[in-house]
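Colleague: I should be grateful for a close look at a single part of this model. Please treat the open spaces of the protein, and the parts of the chain around them.

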Amino acid sequence: MTQPNPQPHTPSPPSAPSPPPLQPSLTERRKAATQLDIARAAAALFAEHGPDGTTAEAIARHAGVALRTFYRYFRSKQDAVGPLLSGGAERWRVLLETAGPGPLAPALETAVREALAVPDAHAAEQLRWTRGLLRAAEHDAALRAVWYRVNQDSEERLLPVLARLAGPGADALEVRLAAAAATDAIRVALESWSATDAPATGPGSPAELAVRCLRELTGGMRLGR
């Protein structure tokens, strides 16, 4: 009996590359810019009058927006400074997202140093805002709550980034501990720096303190090595 000729093997087409991440729309960029303007106005008024001496109406007026616009974006006057306090975490996460898989310790240290570096006047201004807000938070429970929430949000958004860097075989608990340790390293560094008059660069700076905290907190972690 004649056997049928086997069909020639047709190779599968290569899989399409992953689409690039979506860029923010013009509306989203305008919204973010407005929120940052309001945050800067709030920080400036807090520095001058303190949170107790500042109203939402004054912040809106200083930012050049209507009061209803203020409440469209923020629930309270303290909540308005969130975008300023979260800026460093955003930069750090973006830096980590560009890193390749491998040991977490070198990637975390590099990202921390770059995120807290002061390459220009804008970066120096951001750190000045942070120092002033953290000093004000010592006497304002609502402002401290915003700072803690910013750090909690940062930790949760950091989890999938570290999970990718650690690889598919990594222990989920260890990844979570790494995200918590890394977030707290920056938090403690900024709080410690803000309580002093240390410069923004060099010994005692946020970057140097954060790397020190990071090494202490992750030194015993397998993922860090």
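By class, how many nonpolar, polar and charged residues does the lining of the largest pocket have?

Modeller: The model is a predicted one. By class, the lining of the largest pocket holds nine charged residues, together with seven nonpolar and seven polar ones. That makes up a lining of 23 residues, and those nearest the centre of the pocket are Gly82, Pro83, Ser86, Gly87 and Glu90. Two or more lining residues come from each of the elements α1 (26-49), α4 (82-97), α6 (121-137) and α7 (141-166). Among these, α4 gives the most, with eight residues. The volume of this pocket is about 660 Å³.

The enclosed space may be considered next. There is one cavity of 30 Å³ or more, and the largest cavity holds about 260 Å³ of space. Its lining has 21 residues, of which Leu85, Gly88, Ala89, Ile186 and Leu190 are the closest to its centre. By class, the lining of the largest cavity comprises 13 nonpolar residues, seven polar residues and one charged residue. At least two lining residues are supplied by each of α4, α6, α7 and α8. The largest share again belongs to α4, which provides seven residues.

Helix α6 contributes to the lining of the pocket and to that of the cavity, and it deserves a closer description. This helix has 17 residues, and at 1.5 Å a residue it should span 24 Å; its end C-alpha atoms are 24 Å apart, so the expected and modelled spans agree. Its buried residues are Ala123, Ala124, Gln126, Leu127, Trp129, Thr130, Arg131, Leu133, Leu134, Ala136 and Ala137. These buried residues pack against α1, α4, α7, α8 (172-194) and α9 (206-218).

Finally, a word on confidence is in order. The average pLDDT of the chain is 87, and 88% of the residues score at least 70. In the chain, the lowest confidence is found in α4, with a mean of 88, whereas helix α2 (residues 56-63) has the highest, at 97. Thus α4, which gives the most to the lining of the pocket, is also the element with the lowest mean. Over residues 6-21 the pLDDT stays under 50, and the model shows zero contacts beyond four places in sequence for this stretch. Where pLDDT is low, the predicted coordinates should not be read in detail.

How values were computed. Residues are numbered from 1 along each chain as its sequence is written. This is a predicted model: local features need pLDDT of at least 70, side-chain atom pairs count only at pLDDT 80 or more; totals for chains, interfaces and linings use all residues. Side-chain values use heavy atoms; hydrogens and water are left out. On a 1 Å grid over the protein atoms alone, a cavity is a set of points where a 1.4 Å probe fits but cannot get out, and a pocket is an open set with protein on both sides within 12 Å along at least five of seven lines; lining residues have an atom within 4 Å of a point. Grid points are joined across faces, edges and corners, and a volume is the space filled by probe spheres set on the points. Helices (H or I, at least four residues) and strands (E, at least two) are DSSP runs, numbered from the N terminus. Ala, Val, Leu, Ile, Met, Phe, Trp, Tyr, Cys and Pro count as nonpolar, Asp, Glu, Lys and Arg as charged, and the others, Gly among them, as polar. pLDDT is the predictor's confidence in each residue, from 0 to 100. Contact means heavy atoms within 4.5 Å. The expected span of a helix is 1.5 Å times one less than its number of residues. Buried means under 20% relative accessible area, exposed over 50%, partly exposed in between (1.4 Å probe, protein chains only).
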